[in-house]
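Good morning. Please have the sequence and the model open, and follow along as I go.

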Amino acid sequence: MPEEATKEPTLERVLDKENLRAAWLAVKANNGAPGVDGMDIGKTEAHLRKHWDKIEAKLRSGDYQPGAVRAVDIPKGNGGTRTLGIPNVLDRMIQQAIHQVMSPVWEPDFSEHSHGFRPGRSAHDAVKEAQAFIQTGKTWVVDIDLRSFFDQVNHDKLMGLVARKVRDKRLLRLIGDCLRAPLRQPDGSQQKRRQGTPQGGPLSPLLANIYLDPLDKELESRGLAFVRYADDVAIFASSQRSAERIYESVVKWIEKHLKVEVNREKSGSGPCDQSSLLGFRLYSDGRIGVAPKAITKLKGKVRELWDARQSLTSEQLRNQWQRYIRGWWNYFQLADRRREVENLSGWIRRHMRKCFWLRWKTPRGRFNALKRLGVKGRSLGNAWCAKGAWPMARHWVMQQSLKNKTLEKHGFIIPWSLAAAV
C-alpha cells in the first residue's frame, strides 16, 4: 500500500508547505472564475503573499470561515439546469489541499466499479466495463437516477463517513464549514446550506464518492454487475425479471440508507439498447454507439456555431468549431458503431455552406466570393438566385465552390471523416 494511504489526514498535513504549494498550482492551472469576492487568480496570489500568516493562524485555531459560494446555473443535456457552487479562489486552494491529503487514504478502499472523479479512471473506463458485462449476456440494464444528488447529500451522514478516517477534530470542523458555506444566488440573496455539496469546488467530487461508497459496497455484497460514474449508476442483469427485482430492491436501499431520493421518472430497467450511459448507447451485440440525446445535443451546437449572425471572422468561426468538434470527437470516438454520427457529415457541411452564403450578404458579395472560389462563366449568375440560404447550401454551385476537400483544407473539418480517409 502506498505510504500516503497509511497517513492519517490531519490539519498539519493539509497546511504543509509542499501540500499547499501543490494545491495552489492545481487551482492556478485550472484558471477558474472568481468567487463572490471577485478575486481572480492574480489578485488572490497577491492577497496570499500579504496575508497568508494571518489566514494560516485562523485555520489552525479553527476561526477560519470559508466565504459564501457563488451559485451558477449551467444547462444539462436533458434541458434542465444544474447548479454549480464556485468557492472563492482562496477557498478552492484550501479545499484542494484537503483533497490531496484525503484522497490517497480513501482511494485504495473505493470500489473497482467506481470510475468518476478518480485518478487514472475515466468515463471511457466505465463504458468499457459496461460493454464487458453486456458481452457476457447481461443485456438488461437498471438505470438509477439520483434526483439532484449533489444538492441532497445529508451532511450528518457524510461527516459520519468522513470521521471514520479523519480523527483530527480541527480538520473535521474545517470540512464541515466548507460544506455549510452559504450559497450566494445571482440576485444577491444568500441561502444557508444544511445539506448538499454543490459541484464546483475541488473537494465536492471526493466527498460524493465517499458518500456513495456504501452503495458500491452494497451492490458488491449482492454480487451485482454494475458501474458507477459519480451519481450515474448502471446495473446489468441477464433477464427482465432479474432487472426489475434489482431495481425495486436497490431503490428502497438507497432511499433508506443514503437518504437520497431516486428520480423514478428517469430510473428503471430495460434492454441495454434502449438505455444510455455517459452519452453512449450500448447495444446487445456489445457494440458502442452514441446515444440519441448526445446526437441531438451535437446538432443543436452545430446550429449555434454555424449561425451566420455571429460577429466573427472566418478564422474565428473555424477556431471555435475546431475547439468544440475535436473535443466532442475525442470523447465519442470510443464508439465503434458510428452510423448515426457519420450520417451527420453532409448535414453539418450544409450548415457551413449556409453560413457562408449568408455571410456573403449581397448578390455582388456572393458573385465575388464564388469567383474567388473558382466558379466561372454563367454559373456566377447563381449569386442572384432567389432561393433561401438553406436550399442554396445544397445547390450544386455551393457544393462545387465549397467542396468537402476545400472546407477541410481551410480547417472546417469533420474529424470522423478525416479518420475514415486515413
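Find isoleucine 144. This is a predicted model, and in it isoleucine 144 touches Asp231, Val233, Tyr247, Val250, Val251, Ile254, Val262 and Ser267, if we leave out residues up to four places away in sequence.

Isoleucine 144 also belongs to the largest nonpolar core, which has 64 residues. Which members of that core touch the most other members? They are Met102, Ile144, Val162 and Ile210. The element that gives the most to this core is helix 5, residues 89-106, with 10 residues. There is another core, lying apart from this one, and it has 58 residues. Among them are Ile288, Leu305, Trp357 and Ala369.

Now alanine 243. Alanine 243 sits in helix 11, which covers residues 240-258. Is alanine 243 buried or exposed? Its relative accessibility is 0%, and buried means under 20%, so alanine 243 counts as buried. Setting aside neighbours within four places in sequence, its contacts are Trp140, Val142, Ala237 and Ser269. Alanine 243 can also be paired with glycine 268: the two are 25 residues apart in sequence, and their C-alpha atoms are 8.8 Å apart in space.

Next, helix pairs. Two packed helices are described by the angle between their axes and the distance between the axes. Take helix 12, residues 292-305, and helix 13, residues 314-332. Their axes come within 11 Å and cross at roughly 170 degrees. Angles over 145 degrees count as roughly antiparallel, so helix 12 is roughly antiparallel to helix 13. On the helix 12 side, the residues that meet helix 13 are Ala294, Lys297, Leu298, Lys301, Val302 and Leu305. On the helix 13 side, they are Leu317, Gln320, Trp321, Tyr324, Ile325, Trp328 and Phe332. By type, the residues of this contact are 10 nonpolar, 1 polar and 2 charged. Leu305 has come up before, as one of the residues of the 58-residue core.

The second pair is helix 3, residues 17-30, and helix 4, residues 41-61. Here the axes come within 11 Å and cross at roughly 160 degrees. The cut-off of 145 degrees applies again, which means that helix 3 is roughly antiparallel to helix 4. The crossing of helix 3 past helix 4 is right-handed. Helix 3 contributes Leu20, Trp24, Val27 and Lys28 to the contact, and helix 4 contributes Ile41, Thr44, Glu45, Leu48 and Trp52. These divide into 6 nonpolar, 1 polar and 2 charged residues.

What lies in the loop between helix 3 and helix 4? One of the residues there is asparagine 31. Its phi is near 50 degrees, a positive value in a residue other than glycine. Asparagine 31 has a relative accessible area of 56%, and exposed means over 50%, so asparagine 31 is exposed.

Phenylalanine 117 also has a positive phi, near 55 degrees, and is likewise a residue other than glycine. You will find phenylalanine 117 in the loop between helix 5 and helix 6, the latter being residues 123-135. At 40% relative accessibility, phenylalanine 117 counts as partly exposed.

Last, the whole chain. The protein chain has 20 helices and 10 strands. Of its 422 residues, 49% count as buried. Its C-alpha trace spans about 85 × 65 × 40 Å along the principal axes. Among contacts in the chain with a separation of 6 or more, 72% are between residues 24 or more positions apart.

How values were computed:
Residues numbered from 1 in each chain as written. Predicted model: local features only at pLDDT ≥ 70, side-chain atom pairs only at ≥ 80, totals over all residues. Heavy atoms only, no water. Axes fitted to C-alpha atoms, helices over the stretch in contact; angles between N-to-C directions. Helix = DSSP H or I, 4+ residues; strand = E, 2+ residues; numbered from the N terminus. Parallel < 35°, antiparallel > 145°, perpendicular 65-115°, else oblique. Contact = heavy atoms within 4.5 Å. Nonpolar A, V, L, I, M, F, W, Y, C, P; charged D, E, K, R; others polar. Core = buried A, V, L, I, M, F, W, Y, C linked by side-chain atoms within 4.5 Å. Buried < 20%, exposed > 50% of the residue type's maximum accessible area, 1.4 Å probe, protein only. Left-handed = near helix turned anticlockwise from the far one by under 90°.
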